[in-house]
Structure formats: C-alpha cells, structure tokens
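Me: I would like to go through this structure with you. Could you help me read it?

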Amino acid sequence: MHSRHTLSKSSSGFGDAVGRATTRTARRLAALLALVLLPVVLVAPAEAAPTTVTLGRASFEPVNYAGRFVRHQDYLGRIDPVTSSSAAQLKSDATFTVVPGLASSSCYSFQATNGRFLRHKDYRVRLDTNDGSATFRADATFCAQTGSVTGSVSFTSYNFPSRTLRHKRSELWIDPTQDTAQFRADSSFYRRTPWTPRTTANPVLPGLFADPHLTYLNGRYYLYPTTDGYAGWSGPAYSAWSSADLTTWTFYGNVLDLGPDVSWADNSAWAPAVVAKNGRYYLYFSGGAASGNTAKQLGVAVADSPTGPFRDALGRPLVAAGAYSGQAIDPMVFTDDDGTSYLYWGQGALRVVPLNADLTSFDPARVRTITPSGYNEAPFLFERNGTYYLMWSENDTRSEDYRVAYATASSPTGPFTNRGVVLSKNTGLGILGTGHHSVVRSPTGDTWYIAYHRFAVPAGNGTNREVAIDRLTFRADGTIAPVVPTP
Ligand code: FUB
C-alpha cells in the first residue's frame, strides 16, 4: 500500500485565486464566489462516468487554463504555458505517452519522454522511475472519468479512488474529490496533440510489454505480450492487441487474468502463444502460484474469439512444474501442413511434443528434448519453402546481450543445423536486450516480420521492456539475414 506521509494542506476547493487568498478581502471574495457557484453545484451530477482515453503520445491542457499544459519540472507535476515557440525541452516535458495503467489495464499511466512515470506520493504528483513495486504501480495509475466539459477527461487515483488529479496553484495534486464546479474544472483536461510528436516506429505498443507473440488471424494481426513493469516479472494478466497494418494497434485489455481465471496460478503470466484451430483460439501460457510459491507451470486456455475471454481449458497445468528439467515456460505451437500441431517449450532445455487433436493434451511418451547449443528460452518455429526454422533466445533477459539465434531442419522436430545469431543489440542506437521474439508472414506474400522485446528506450531494463517489430529477410540460399533493429 501507499505509505501516507505528512500532507501539505489542500486548497479550499475554489481553485487558484481562492487558494492564494490570505486576506480578509480575499476570503470575502471566496464567499461571494461560493454563492455565485452554488446553483452550478446544485445541478451538477454527483458522479462522473468512467470513460476511455486514446493511448499514445499526448499533451494535456486544463479546461480552465487555455495555453497551459501538464508538464514535469524538477520531477514534480505542474501546469505551465507552452506555445509553439517554447523551448524543445519544455515541449518534451509537456508530452506524455498514455499507456495501459501499470496497476490495472482498465485505467491509465502517463509515461514521460524520459521513460519515467507520473505518480503521486504524499498526494503530490511527481515523476519517478518505475521500480516494479505494487506501490509504485498503484501510485502511477489513474482511472478516467468524463470531465467537466464535453471532450475533457478527469482522472481519479487508482489506489485512492476518492481523490482526483487536479491542479492547484499550478501544481498537480491528488485531492479529495469535491462536488463543486471549481474542483471539476481544476481536475478536467483536454487530450491534445503532443507537443513532441513521435519520430520512431518502435515501440509498436504504448507502455511496458515483452515476449510478443505476433500472429495473423481472420484478416488481422494479433499481438499477445507479457505485461511488463513488475518486479520479478510477476504480472498476473495477458492482454490482446490487433492491427491491420502492424502500425496502428487496437487494445482489448486483459483477455486472461490468472488470479480470477486460473485456479492453480495467480502470477508470472509470461510469454503467451495463441493458435487458432477448428474455429477456436488456444492461448498457451505460464503461471506461478503465490501460495506455496510454486515453480512455473504451463497451461492452456481457450476462447471463441482471438480477443477472448480465454478460459482455463483443463483446470490444471498442461505441463506441471518438475515434470521435465528446466522451467516450464515459454510455450509455442506450430501447426504443420499435415495438420499436426507441435508444442515447444522450456527455459534451460527445449522440449517438443505433438499435441493431440484437442490441442489440450499430449502423449508424455512422445516428448523429445531438442535443446540447441546456446539455447536459453523462447523457442519459435516456422516453415518457409520446405525449411523449418527453429529460433530461440540466448543469455538472460536482464542482460543487454539477450539475443536471437536460429537453426534449420527439414522437419519440425529436427535434426537442426545451427545457423547462428540473427538479432542482437545496437548500442549506438541504445537498443539493448533484443530477444524473445515471434515471426509472422504477411498475408500478401513472402514478406516476413519479427516482433521482439528490448529494454525500453530510454530508461528500460530486463523487467521494463518494450515491443518492437522489424523486417525479417532471407538471403537467396534461404538463410536469415541479420535483423536491423530500428528505433
Ligand atoms: O517475461 C518473462 C520471461 O522473460 C519470459 O518467459 C522469458 O522468455 C524472458 O523474456
């Protein structure tokens, strides 16, 4: 929980003018203002309705201070004037990426261009680095309500729902919500065009995500990532995204939440993989249980739509912890032309087994170990022109040398010939820890893409990662050309 420290006194609720009032004259003015505002107060709705905010880069302008924008200065949240002739630094300080809330994907967090997040502490809004703690994630999450003016939005604190983000003497605070016209105005903002627009194509998703499983289903690309930004990768839920062009993404929120949806796991929702068969969608996932602190296990969930909701198909793990050496994580399913689907998985050792027709069971006697040299985790298999490409990640995901290598074979289970590393860091561009990827072919031809994660740029690390997509190209002999990671 957020630790409550000594508070600065909150304002009277009548905004900047009254907040500064210290003289008797000013207090009389406040009383007069209160009388003037009373009719508005009486007719105003007591509860604002939840609303949605478009994800991505934006700037926020208070409804009652045109020309001022939410910005950070010296790690504190403020509203200040910004104009087209303002310094580039001020414009950047007044620009945020709206991302799914670090504590709840149905709320929002605000990431500054330096990678830090707006959060409250002692009820003051500040800019801090995500340490992955539950406290930070909650303090940095705000839930959207309709604002005081059409087209505006206000934000209540996720962990102090009776407090609302507002400006006061140009500072940003979360204050106890007041049902007054002045408070509603001080806590309502327009989402505006960002003062500092994006100049890069990556990351493709706004926010902290990893282990992207990119696939093409029903005429659209779908992306299923690990939700990142949690200490120890302990995030409990999987989200889904879709796109027609790999550029503009629609967010569907959580499609599987281990806590409520899976009886045997409640954390470490890592590295999903989704396949479609017989009109149903199967999501393979890993999870741990806080009670008993169990090792990770693999499960499978099923849905009637690629955007869920997914339901645990078995009520128990598909691959139990300890059944095989290595961690039971990082599932991947490949379906060959003859209709056989193969399950690949494992950290430390790579296993493969043909799945039964139900896609939710297999014959343990048919499990084979096919660990390539250099393998750590994140297997991915695809076929092109009769060649089967087995790809994986090497090193630890916390290392900037996390990277992707591959091997080829004439069957989905090998034997494989090692072909070396195809994706690794570019320190000159600040791109580090490139790994845990997936590959998809464009429906229109022999154009291929690789989705992967890397340390978020800037200020990321092995638990604060971002999802990128780049081209995967082949040489005339069928080998994969080194991937050029782009900003
Ligand atoms: O995201 C959690 C874990 O980190 C994945 O399961 C691994 O592949 C590594 O990316």
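Me: How many residue pairs are in polar contact across the interface of domain 1 and domain 2?
Reply: The rule finds four such pairs, both residues at pLDDT 80 or more. A polar contact is a pair of N or O atoms within 3.5 Å; within protein, one must be able to donate a hydrogen and the other to accept it, and residues adjacent in sequence count only if both atoms are side-chain atoms. This is a predicted model, in which local features need pLDDT of at least 70 and side-chain atom pairs count only at pLDDT 80 or more, while totals for chains, interfaces and linings use all residues. Residues are numbered from 1 along each chain as its sequence is written, and side-chain values use heavy atoms, with hydrogens and water left out.

Me: Where are the two domains?
Reply: Domain 1 covers 5-192 and domain 2 covers 209-472, with bounds from an automatic or database domain assignment. Their centres, taken over C-alpha atoms, are 39 Å apart. Eleven residues from domain 1 and eleven residues from domain 2 make the contact (heavy atoms within 4.5 Å).

Me: And how many salt bridges between them?
Reply: The count is zero, where a salt bridge means a side-chain nitrogen of Lys or Arg within 4 Å of a carboxyl oxygen of Asp or Glu.

Me: New topic: which cysteines form a disulfide?
Reply: Cys107 and Cys143 do, with sulfur atoms 2.0 Å apart; the cut-off for a disulfide is cysteine sulfur atoms within 2.5 Å.

Me: What handedness does the link have?
Reply: The link of Cys107 and Cys143 is right-handed, with 85° about the S-S bond.
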